[in-house]
Amino acid sequence: MCAQKTQDEEAIIYPPQSLGSFEMGRNDVNLVCTYGKIAVWFGRKVPDYIIAQILIGISKVDQSTVHEFEIVCSFDDITEYESKGYTLVSYGKTAGGYRVNYSIPFSNKKALFHLSKFILEELQKGETRKDFYWNGNDCDIQRLYHEFKNNIENWELKTINYKTESQTSR
């Protein structure tokens, strides 16, 4: 069990059951946490400060979290993305330029700032989904829930799924 004391009994993950997923959010943003991934849906009208609170909150809980993405760009643009704090993973020549893979480290505040700007640009076209990869465990998931519950208005637990049972809902 995690060392954190809580008044919010609904958000406690009970061992020895193995967690399948933990869903939380509000009406304009939804997170589903598993051991390897945080899947986030951002609704079109989510405020920019909520996006920032989510990215910073994840960073506080696990700085090793990353977001990976691929883009086709010119060779000169490769270094421009690196100057934003993105980590170059691989690149190769393709039709229209270079196919480039980047990792955005949550340990880099500059990279998080540019990621939030990118999410805001996507939201001008409609809702968007992002996957963040982390090493979170049951305690980290609880810490993340409490980070958001304490700092984001109307944040709530939606569903806890255990591998040993079908579903526990509120």
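The secondary structure of the protein, taken from a predicted model, comprises 4 helices and 9 strands. Read from the N terminus, these elements follow the order β-β-β-α-β-α-β-β-α-β-α-β-β, so that three strands precede the opening helix and two strands close the chain, as the assigned DSSP runs are numbered from the N terminus. Of the 170 residues of the protein, 45% count as buried, and the surface that the protein exposes amounts to about 9100 Å², of which carbon and sulfur atoms supply 48%. With regard to sequence separation, 65% of the contacts between residues at least 6 apart in sequence join residues that are at least 24 apart.

Strand pairing was examined around strand E6, which spans residues 97–105. Strand E4 (residues 66–73) pairs with E6 in the antiparallel sense over 8 bridges, and within this pairing Val66 of the protein stands opposite Pro105 in E6. Strand E5, formed by residues 87–94, likewise pairs with E6 in the antiparallel sense, here over 7 bridges, and the bridge partner of Leu88 in E6 is Tyr102. E6 is therefore paired with both E4 and E5, since each pairing exceeds the two bridges that are required for two strands to count as paired. E5 and E6 form a hairpin with 2 residues between the strands, in which Gly96 takes a positive phi near 90°.

The cysteines were considered next. A disulfide is a covalent bond between the sulfur atoms of two cysteines. When a pair of cysteine sulfur atoms within 2.5 Å is taken as the criterion, the count for the model comes to 0 disulfides. Two cysteines can be described by their accessibility: Cys33 has a relative accessible area of 0% and is therefore buried, and Cys73, with a relative accessible area of 6%, is likewise buried because this value lies under the 20% cut-off.

A further buried position is found in helix H3, which covers residues 109–123 and includes Ser116. The relative accessibility of Ser116 is 13%, and this residue therefore counts as buried, the limit being under 20%. When residues up to four places away in sequence are not counted, Ser116 touches Ile51 and Leu55.

Key
Residues numbered from 1 in each chain as written. Predicted model: local features only at pLDDT ≥ 70, side-chain atom pairs only at ≥ 80, totals over all residues. Heavy atoms only, no water. Buried < 20%, exposed > 50% of the residue type's maximum accessible area, 1.4 Å probe, protein only. Contact = heavy atoms within 4.5 Å. Areas by Shrake-Rupley, 256 points an atom, 1.4 Å probe, with all protein chains shown as cover.
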